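Here are some short exercises to work through with the model open beside you. Try each task yourself before reading the solution.

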Amino acid sequence: MMAPAERSPGGGPGDARPSIWDLVIVGGGAAGLACAIYAGRARLDTLLLEKMLPGGQIVLSDIIENYPGFPDGVSGMELAQRMHEQVGRFGARVETATVAGIEVSERPFQVRLEGKGPEDAPRARSVLIATGCSPRKLGVPGEREFFGRGVSYCATCDGPLFSGKRLLVVGGGNTAIDEALFLAKIASKVTVVHRRDELRADRILQERAFADPKVEFLWSHVPSEIVGDDAVRAMRAKHVVSGEETEVEVAGVFIAVGEVPQTGFVPEAVARDAGGYLVTDGDFQASVPGVYVAGDVRSGAYRQIAVAAGEGVLAYRSIRQYLEER
Ligand code: NAP
């Protein structure tokens, strides 16, 4: 481990890099950032790799109301920035890079980066996978074709492009209703298309959506096609029982039908469950010793920001013990 004076707070340019990191964290969401705060404070040589902005899916949330300590809520962007700053304060290094693979057959592990050769692969005594999830695709005709031309998976990113327009959200979970409420502030009307006749979302979100005059529901329908010319013009949906098809004219379709774990870079030796989530033991260790998993990508996780942060801390505790025993 490096002496504190040589450390790189937040990873400024030109800082010294150890030849072998104690810990490489893949993914800069709540789990990865929380682990990095603790690892930095413990003076572990820690490298956190994030492919986009630190914060992961947090930054996609307009407002987060259930993270303790913010009674008036906090924007996803602000919470992510604060967590990132806190990591920098304690010395873990944060870099933007996409991980292409992890060589787990030898020690130290080698973390291969997209666009870089093996000589640039960080070597690590332990790895935390905290890559979270990405939005699940609907798989209907028009979805891929109109992506970026009216089809979106992120209301806070793309909603402002549709000011005063009629919009549609697919899904009935927390994400769908959060997005519908956010879009209702921008759009002329928002139709939520859900495959059942009751929502999965938390009751407080349901109450708000039912009370919002701009939010309406198309119950018991599944999307069959997204249609348009240069951009989206409408979505067709079928009633789940009668099969009758309805067409809703909209300028934008926001899809929020759940998530899939981001594990494309994870070697096959790391066990998955039937849904593709990474399996761990009670210490957050994956099926390969020295590889740990925390947050939404972990099998059985309760997918909440506060829980992801807590899992990052618990994973840190196990990683530290693992490193001390070697
Ligand atoms: P989710 O809870 O899995 O909900 C997905 C929704 O999409 C469900 O309503 C589901 O219908 C529907 N759906 C799934 N596949 C579909 C398909 N092929 N066609 C049509 N509809 C389909 O996913 P999420 O809303 O993205 O949330 C993911 C996790 O993050 C959850 O644990 C959630 O609680 C959490 N989260 C929390 C908050 C918050 O606390 N405010 C905000 C966002 C997300 P069924 O209901 O019929 O299954």
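**Exercise 1.** Find how far apart the C-alpha centres of domain 1 and domain 2 lie in this predicted model, and describe the contact between these domains.

*Solution.* Start with the bounds: domain 1 covers 9–134 + 259–324, while domain 2 covers 151–255. Their C-alpha centres are 33 Å apart. Next, look at who takes part: 5 residues come from domain 1 and 6 residues from domain 2. Then turn to the area buried between the two domains, which is about 460 Å². Carbon and sulfur atoms give 38% of that area. Finally, on the domain 1 side, L60, D62 and E65 supply 80% of what domain 1 buries against domain 2, more than any other three residues.

**Exercise 2.** How many salt bridges cross the interface of domain 1 and domain 2? Then examine the pairing of R208 with E65.

*Solution.* The rule finds 2 salt bridges across this interface. Now check R208 and E65: their side chains are 2.9 Å apart, N to O. A salt bridge requires this distance to be within 4 Å, so the pair qualifies as one.

**Exercise 3.** Describe how helix α4 and helix α5 cross, and which residues meet there.

*Solution.* Locate α4 at residues 174–184 and α5 at residues 203–211. Their axes come within 10 Å and cross at roughly 35 degrees. The crossing is left-handed. From α4, the residues in contact are N174, I177, D178 and L181; from α5, they are L205, Q206, R208 and A209. Sorted by type, the contact has 4 nonpolar, 2 polar and 2 charged residues.

Definitions and conventions
Residues numbered from 1 in each chain as written. Predicted model: local features only at pLDDT ≥ 70, side-chain atom pairs only at ≥ 80, totals over all residues. Heavy atoms only, no water. Axes fitted to C-alpha atoms, helices over the stretch in contact; angles between N-to-C directions. Helix = DSSP H or I, 4+ residues; strand = E, 2+ residues; numbered from the N terminus. Left-handed = near helix turned anticlockwise from the far one by under 90°. Contact = heavy atoms within 4.5 Å. Nonpolar A, V, L, I, M, F, W, Y, C, P; charged D, E, K, R; others polar. Domains from an automatic or database assignment. Buried area = accessible area lost by both parts, 1.4 Å probe.
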